[in-house]
Each structure stands twice: as C-alpha cells, then as structure tokens.
Amino acid sequence: MTENPTHSLPSYLNPDDLGPWGIYLEQVERVTPYLGKLSKWVETLKRPKRTLIVDVPIQLDNGTIAHFEGYRVQHNTSRGPGKGGVRYHQDVTLSEVMALSAWMSVKSAAVNLPFGGAKGGIRIDPRLYSQPELERLTRRYTSEIGSIIGPNKDIPAPDVNTNAQTMAWMMDTYSMNVGATTTGVVTGKPISLGGSLGRVEATGRGVYTIACEAARDAGIALEGARICIQGFGNVGSTAARLFSDAGAKVLAIQDHTGTIYNPNGIDIIALLDYVEQEKGVAGAPGTEILPNEQFWQLDTDILVPAALENQINRHNADQVRARIVVEGANGPTSPEADDILNSKGIIVVPDVVANAGGVTVSYFEWVQDFSSFFWSEDEINERLGVIMKAAYKSMAGVAAEHKVSLRTAAFIVACARILEARQVRGLYP
Ligand SMILES: NC(=O)c1ccc[n+]([C@@H]2O[C@H](COP(=O)([O-])OP(=O)(O)OC[C@H]3O[C@@H](n4cnc5c(N)ncnc54)[C@H](O)[C@@H]3O)[C@@H](O)[C@H]2O)c1
C-alpha cells in the first residue's frame, strides 16, 4: 500500500503507542474545523520541524564512562526562534519531548510572543549523579546540540530538574564554542549573568493576573473570594501571596506533605516562613489537616492546580466544586476530566495561557540580553500584566465567538497564528 505523504506519521514513532505526542495530535484534530482556509497548512503542526537525538558520553567521578540519550526538538519556528526548557529525567522519551515542544509552540503563539516551540531533555536520574558529573553532562549535551541552538535559532531554559546553574553552564559552553560571550542563548540564567528581575515570580504572577481576569468575567469579586491551591512551590506560593494581598481568602493548600485548611483564610506570609523551615505545609499553625482527596471537593471560587500533571482526572473531576480552575501546572487536567468539568459548567483556564508568565519574562530576558540594557522589576511586572491580559482577551473572545472552551479557544488562536505565519512565509523553495 502506498503511504499518503501528506498524512503519514513520522516513521520514528510507534503508531501503537504514540505517548504524549498522541494527546497533542488529538488536540490539533479538535481545533482543525475552526481554522478555516488555514487548515490547508495544518499538517505542518503534526510533525516537528527538526528532531535531534544525541549521545552524551561523560566520565563519571569513579573514572568509568557513561552514555546518556539527549534530545532537542524544534517543533515549529515559523514565528521566531524555538523556545523551550531542558528536562533531566529518567523517563524522558522522544514522544514526550516532541509533545512538550509542540505545546511550547502553542503557548508562545497563544501569548503572542515572537517565538516558536522547542524542548530538550536528557534521559538521566540526576539525583544519582554528583554536581561535577552534572556539569560535564550539561556541557557535553550543549556542545552536541550546539549547531541548532543560538539566540536567533533556539533558546533553551530550565525545566524539570534543571535550574539557573544549568543555564549558566549551557551559556558558558555555547559561548566558549562560538568564541564570544552570548548571554541570549538561554534564559532563566542567574541575575549576575544576564538573567531578568521578576523571572522567579513570573509564572505565579501570571497565574494570579489571569485568575483576576477570569473572575471578573464570571462576576466574582476577588476581595473575599475563596481560593484553593495545590502546590506551594515557586508557582503556587507566589500566586497564594498575590491572592492574599488582594484580599482573597486562601482556604486550603495541598503539597507533598498534606492538605491544610482554614475556613477563614490561611496566613500566607506566616506560611512562607513555616515552609522555609519545615519544607512542607503540613502542621502549619492555625490550620487543620484534611485528607488529601477532600481537597478537590472543597466549595471554592478558584482552584489552582500548581503542582503536577494529571491531578484532576476521571476519578475526582466529578467532585470538583470550584467555579473556575486556573491551570498553574502543565497538564494538570486529563482530557477526560476536562470534558467532565466543561459539562458541569466549570470554567477551566488552560495552562498554555494561565502559566505563560514564565516564558513571557524569559522573552523579556532575551530582549534585555540583546540590548544589554536591563529593566526594573516594576517595568517587568507591568509589561507582564499587559501581555497576559491581552492573551486572555484574545482567548476569551474566540471562546465566545465559537462557543467553545477556553482551552479549545487558546489552541485556535495559537494554531491560526502559527499557520498564518507559515502561509505568508510560503514554502521554500
Ligand atoms: N516555575 C515555572 O516558571 C513554571 C512555568 C510553567 C509551568 N510550571 C509548572 O508548574 C508546576 C509547579 O512548578 P513549580 O516551579 O512551582 O515547582 P516547585 O518544585 O517549586 O513546587 C512544586 C510543588 O508541588 C508540590 N507537590 C509535589 N508533589 C505533590 C503531590 N503528590 N501532591 C501535592 N503537591 C505536590 C510540592 O510540595 C511543591 O509545593 C509544574 O507543573 C511546572 O511544570 C512552572
């Protein structure tokens, strides 16, 4: 049988087990009917532009040589250079990196940043290796992918198990190889090396900004609104503090140590100090402990999952009583749960817009690095607010126009922007 060249799956994927890439493909199918004439170009979204698999050999501290599998996938660069994190995890697969790179294309376009989407990863459990081993790993990986990254080509950033130090090593390695200090090759760097003020808080601040927009549209006053948050790390704790500063009541917080509850509102400033010392929320003064499953059943105005993937799923979606869910984490709602929440009339603000504050301030970092002129934190927060509110408005407008969920609307906005760029650029040659 002759394969249809316009609809074939890449041969390097297993058609019987597409993994996360399969979920992404379903999402593209869902929005295709809304793309009008641009749907002619939709196959562009169903394959990555460039997929690089590299061997990353390093010498371990005990003198032996170990080999690791590394990836960098550029899903789409029609609107600008690739942008996306680098993940160190033992379960990283090509399908996962491909899907994450595609979701970065969607996120960048949904927020209207001049970036495409990319992602990288190394299949390693970093907890088993020393800091010098991880430095050698990072430097070798950066050299191996060096020909396809660069400030005008593809700009990596931290993701799961990588951080500002990892970015400093990547930036140094790239700079040594090209013979010039090139701060703009990665974002999420230390402030002393061209990092941006406001980056640490950016995702939580964006979550808060988007929650305010959604609450206003739903007729919920933020002052006195009831909030429940899963995760009290970077994203969850920043959002919690901003909600609390605005007069909202954070009723419950869940982290890896348990669920705490106070019907009159948790004292977030005191909790930040407590978690700094105790490394978890359980046992915080002035709160009671709830069984973890009760967290999802609380009667609340805004629920913010800001911890892990797949937390609202077919087992608990039916019990959710929030009026609005704002996705701080990536992929916290399974596709099945998403349908259940929609059928219950619960508004779900999707991750691709709700948690895009991080990549937005990464964009600011990249712009500042190009000009070597750095902005104040107030300027950064103000510009972040402008971009997040505009993204919410475009998404909400399309949702109302087509009577679709905010998630489908965000995908329509993003896919249309990407394919429009593809169309006006045309194919070369
Ligand atoms: N940090 C960013 O800029 C950023 C940007 C976009 C998306 N995200 C996403 O947001 C989520 C949180 O990221 P973060 O940077 O705040 O991470 P973090 O490591 O700072 O915090 C994670 C939080 O999740 C909690 N947690 C872990 N396991 C849990 C469990 N089983 N049950 C309940 N809580 C649990 C931890 O206790 C911690 O409070 C992730 O999905 C991440 O991919 C983060």
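# Working through a predicted model

Ile227 stands opposite Ile302 in β10. That pair is a good place to start, and keep in mind that this is a predicted model.

**Exercise 1. Work out which strands flank β10 and what covers its faces.**

Step 1: Take the pair you just met. Ile302 belongs to β10, which spans residues 302-305. Strand β6 (residues 226-230) pairs with β10 in the parallel sense, over 4 bridges.

Step 2: Look for another partner. Strand β11 (residues 324-326) also runs parallel to β10, and 2 bridges join them. Here Leu303 stands opposite Val325 in β11.

Step 3: Now check the faces. In a regular strand, side chains alternate between the two faces of the sheet. In β10, Ile302 and Val304 sit on one side, with Leu303 and Pro305 on the other. These four are all buried, so both faces of β10 are covered.

**Exercise 2. Find the strand order of the open sheet of 5 strands, and explain what is special about its edges.**

Step 1: Write down the order, which is β1-β2-β4-β3-β5, with mixed pairing.

Step 2: Go to the ends of that list. β1 (50-59) and β5 (154-158) each have a single partner strand, so one side of each has no neighbour in the sheet. From one strand to the next, the twist averages 25°.

Step 3: Zoom in on one pairing. β2 (residues 65-76) and β4 (residues 117-123) are antiparallel and share 6 bridges. One detail to spot there: Tyr71 has Gly121 in β4 as its bridge partner.

**Exercise 3. Decide whether Arg72 and Lys107 are buried or exposed.**

Step 1: Locate them. Arg72 is in strand β2, while Lys107 is in helix α2 (residues 94-110).

Step 2: Count neighbours. The cut-off for buried is 20 or more other C-beta atoms within 10 Å. Arg72 has 27 C-beta neighbours inside 10 Å, so it counts as buried. Lys107 has 27 C-beta neighbours inside 10 Å, so Lys107 counts as buried too.

Step 3: See who they touch, leaving out residues up to four places away in sequence. Arg72 touches Leu52, Ala118, Gly120, Ile145, Ile148 and Ile149. Lys107 touches Val352, Ala356 and Val359.

Step 4: Add some distances. Between the C-alpha atoms of Arg72 and Gly85, 13 residues apart along the chain, there are 9.7 Å. Lys107 and Ala337 are 230 residues apart in sequence, and their C-alpha atoms are 21 Å apart.

**Exercise 4. Describe how α1 meets α2.**

Step 1: Start with the geometry. The axes of α1 (residues 20-31) and α2 come within 7 Å and cross at roughly 35°.

Step 2: List the residues. α1 brings Pro20, Trp21, Ile23 and Tyr24, and α2 brings Ser95, Glu96, Met98, Ala99, Ala102 and Trp103.

Step 3: Sort them by class. You get 8 nonpolar, 1 polar and 1 charged residues in this contact.

**Exercise 5. Track down the backbone oddities at Asn112, Ser372 and Pro429.**

Step 1: Recall the usual pattern. Most residues other than glycine have a negative phi, and most peptide bonds are trans.

Step 2: Check phi. Asn112 has a positive phi of about 65° although it isn't a glycine. Ser372 also has a positive phi, near 50°.

Step 3: Place these two. Asn112 is in the loop between α2 and β4, and it is partly exposed, with 17 other C-beta atoms within 10 Å. Ser372 is in the loop between α10 (357-371) and α11 (377-402). With 9 other C-beta atoms within 10 Å, Ser372 is exposed.

Step 4: Check the peptide bonds. The one from Tyr428 to Pro429 is cis, with omega near 5°. Pro429 is in the segment after α12 (406-425).

**Exercise 6. Describe the residues around the ligand, then the domains.**

Step 1: Count the shell. It has 19 residues, and the closest are Gly233, Asp255, Ala307, Ala329 and Gly358.

Step 2: Ask which elements supply them. α6 (234-245) and β7 (249-255) each give two or more residues. The largest share, 3 residues, comes from α6.

Step 3: Sort by class: 6 nonpolar, 12 polar and 1 charged residues.

Step 4: Zoom out. The protein is divided into domain 1 (47-183) and domain 2 (202-354). Their C-alpha centres lie 31 Å apart.

Definitions and conventions. Residues numbered from 1 in each chain as written. Predicted model: local features only at pLDDT ≥ 70, side-chain atom pairs only at ≥ 80, totals over all residues. Near = placed C-beta within 6 Å. Nonpolar A, V, L, I, M, F, W, Y, C, P; charged D, E, K, R; others polar. Pairing = 2+ DSSP bridges. Axes fitted to C-alpha atoms, helices over the stretch in contact; angles between N-to-C directions. Domains from an automatic or database assignment. Buried ≥ 20, exposed ≤ 12 C-beta atoms within 10 Å, placed from the backbone. Contact = placed C-beta atoms within 7 Å.
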